[in-house]
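Student: I have a new structure to study. Could you take me through it step by step?
Tutor: Yes. Open it up and ask away.

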Amino acid sequence: MEGMKHWQSKDATIGSVSGPFQTEILVCQRTDNIVNSQGVWYSNPFNSAMPVLMFQIILVFFAARILFLFLKPLRPSLTIAYILAGIVIGPSVLGHNRRYLAEVFPPGGITILMTFSELGFLIHLFTIGVQIDTGILRRARKRELLIGTMCFLSPYAVAYLSYFALKGLVDLDGSLRYSVPYIAIVNSLSSFPVITSLLTDLRILNSDLGRFAAHVSLVCDSWTWALSLLSNAAGVAFRHSKSESLWSIFSTLMFISLIVFIVRPVTKWSIQCAEDGKEEEVHFFEIMVILLGCALLSETVGQHSGFGAFLMGLALPHGPPLGTTLVQKLETVSNSLLVPMFLAVSGVRTDISSVVAASSGYTQVIIMMGYVGKFSGTLVTAIGCGTPFWDAVPLSLIMCCKGIIEVAIYVMWYDRKIIDQQVYAQLVLTMVIVTTLVRPIVAYLYDPSSKYTINGRRTLPQSKEGVKVQILVCIHNEDSVPTVMNLLEASNPAPHSPISVFVLHLKELRGRCASVLVPHHHLDKAASKASGSDHVVNAFTNYAQRNHGSAVVQHFTAISPYESMHDDVCALALDKRTHLIIVPFHRTWAIDGSVGSTNRALRNVNMNVMGKAPCSIGVLIDRGPLASAPHAAAGEATPYRVFVLFLGGADDREALTYSLRMADHPWVSLTIVWVKSREHENEGESQFDKEAMGDFRAKVGNNRKVKCVEEMTRDGVGTIQAIRSVETAVDLLIVGKHHDPSSPLISGLTEWSEYPELGVIGDLLATSDFRFSVLVVQREPTAERSLPFTELMDQ
């Protein structure tokens, strides 16, 4: 095999033999270089295959992590880091030392590593197929179909035009003329798994641009798969005969039919028969055997083994429960160990010295013109379809990025002698450079949160104005539903002041590639059942029925990575023009008052929402199981006791506005505790605070269920005492997030804070010392009042 000459030695010989479909590598090595029959290790551990393999893996991981840290300002992916690590530890850099190359990459050692990595890539293709929702292609709009088609055709056309232009100017060698169609094909590829992985790394997978790019790449990918099957059949016809080409097409179609109509139903039936964990393991074993069988059958019909693995994964149901289970079992080992080895091997086989050949300049022109064609074709078509320019530019750049799928194609063509060492090296190096440079540019050009601030921020309207209040409620699990229902009941929906509730069930993206933000009834039944959202829907539907004519409920489901989940929340709030977003606190409590669970990922989601939301936000600290009083807001005899802690400021005024809705509820007891400074009584009160409190008192009038209490204090200790004095009579306490840091009312409380995103008082109330639920209200976010996300994370 070309390029393997670096690993020749006196103890081993490497060559090639003719296989049924391609040239295969044959390594002849002395048996004493592996291990003897008694299992005795030799004095030099590198004379055995297993120590060599372990050292290669360790070397790859160390080199990749060091390079990743070095390139961190460019925000590279681990895919690029592993390829570069392979280049560094291979013959291009460290391999100039012949002793190092002979010890670390002996012929037998590199072959074992290649086999090891190929198995990993096979499993990776299967997991990719399982995660793809083929329904996305059916739901693609006309402009996505058009842009995806032009994204595929334009680089192909431009690369060929460049080739014919060069052909008329210079004399091109035969190997380049043979490689040009394949260079054009691979430049046309925008792999759906690669693009969605890039979007996830950039934290824009569930943004408008991210979903658009995912749909476009899937269309482009479909064209690539179709052309690959046709080109493979044409290649058989040219090498052999037309009858064999027809047989290749027929056998491939029969193979596809076998997977769709036999393997898929049998596998689904087998999984449905599983009743306990032991049977589940048996079924997992069966799927792995079927996977290897499909890969072997794919090779038999003349296709790459990865085609069979990917097709089987594509035929199985994506998402929960089957898809998620398979991905969880396979992805950890595959993505953490096997796939990195595949990428590193592709880098090891990249010989930079081959690029200095005379024809390398012409080859590079054709490769780069393919990238130019993809960028310009996507950009022009996107703008022509009505996409804004500053969305079309990052979209076009994203389509130019490549990853593991393209690398696998380079390797396959290199092994089959379709491209030579020079073209292979140039394709790999160009891919690494372009993808590395594009990532930070896209991150700079596209910020999905910018539209939230451009369109203005919304606050809660006054309840007496007869304006419908629109509330977005975020639900992660069923545990927070009872307290949220009490809060909505206490919000007093009425015909003259109705409430629209948008329930957003948030789930982590697992077992699928693309994110989802759809009305609940659009979600498939399997995913709905697995997520447990049906119970949430029933609870809120009952709420709407109890308040018919006063409350309307709409249900949505968002499935996305935690890193960008806030974009789903903010996008829906902007689209529905909501006044308030309610998000659950990331910590829950057990029945005995101890901390039940803490989810830091949810905390990050909440902080991002609080920093970017287009309206006011309420963080609900749910202590429902600890409350001694029954849930009276639903209509029981015992009143639902709501206290508002008012220290002054925009957030406290927003909390006061929200509590005004509760004043007329027949089963809500509302108390406003206005905490004032004893020493700065007049100086500490702003005119806005006085007007807000005066307006509140005027609107509640002589309502006996509403009390306004003034508490005088000198410092933060007095504020805590004011809270302690009422803690046994509270079901829900509402307080604003931000307070003047120089205010004596919180002096002594700002020195230590565990959750700064809640503010000083909210952080105090989030401790285990209190047993009532808390709603921390933040008026629309502003830069001067909010800590940056990075600063919050540091704390």
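Student: How are α16 and α17 oriented to each other?
Tutor: This is a predicted model. In it, α16 (residues 404–415) and α17 (residues 421–445) pack at an angle of about 175°. Angles over 145 degrees count as roughly antiparallel. The pair is therefore roughly antiparallel.

Student: Which residues of α16 make the contact with α17?
Tutor: Start on the other side. From α17 come Q421, Y424, L427, V428 and M431. An α-helix has 3.6 residues a turn, so residues three or four places apart point the same way. The α16 side is made by V407, Y410, V411 and Y414.

Student: How many charged residues are in that contact of α16 with α17?
Tutor: Sort the residues by class. Eight are nonpolar and one is polar. The number of charged residues is none.

Student: Is α8 largely enclosed or largely open?
Tutor: Helix α8 spans residues 192–201. Its buried residues are F192, P193, V194, I195, T196, L198 and L199. Seven of its ten residues are buried, so the rest of the structure leaves α8 largely enclosed.

Student: Which residue just after α8 takes a positive phi?
Tutor: Look just past the end of the helix. The phi there is about 65°. The residue is R203.

Student: Which strands stand at the edges of the open sheet?
Tutor: Eleven strands form this sheet, and the pairing is mixed. The order is β5-β6-β4-β3-β7-β10-β15-β14-β11-β12-β13. An edge strand here has a single partner, so one side of it is left without a neighbour in the sheet. The edge strands are β5 (516–519) and β13 (706–713).

Student: By how much are neighbouring strands of this sheet turned against each other?
Tutor: Take the average over neighbours, with direction ignored. The turn is 20°.

Student: What is the bridge partner of I734 in β15?
Tutor: Strands β14 (residues 732–736) and β15 (residues 773–778) run parallel. Five bridges join them. In β15, I734 has as its partner L775.

Student: Which helix lies across β11, β12 and β13?
Tutor: Two helices to look at here. Helix α22 (residues 565–576) lies across β3, β4, β5, β6 and β7, running at about 160° to β4. The helix across β11, β12 and β13 covers residues 716–724 and runs at about 150° to β13. That helix is α26.

Student: What share of the 795 residues is buried?
Tutor: Now take the whole chain. It has 28 helices and 15 strands. Buried means under 20% relative accessible area. The buried share of the residues is 53%.

Definitions and conventions: Residues numbered from 1 in each chain as written. Predicted model: local features only at pLDDT ≥ 70, side-chain atom pairs only at ≥ 80, totals over all residues. Heavy atoms only, no water. Helix = DSSP H or I, 4+ residues; strand = E, 2+ residues; numbered from the N terminus. Buried < 20%, exposed > 50% of the residue type's maximum accessible area, 1.4 Å probe, protein only. Pairing = 2+ DSSP bridges. Axes fitted to C-alpha atoms, helices over the stretch in contact; angles between N-to-C directions. Contact = heavy atoms within 4.5 Å. Parallel < 35°, antiparallel > 145°, perpendicular 65-115°, else oblique. Nonpolar A, V, L, I, M, F, W, Y, C, P; charged D, E, K, R; others polar.
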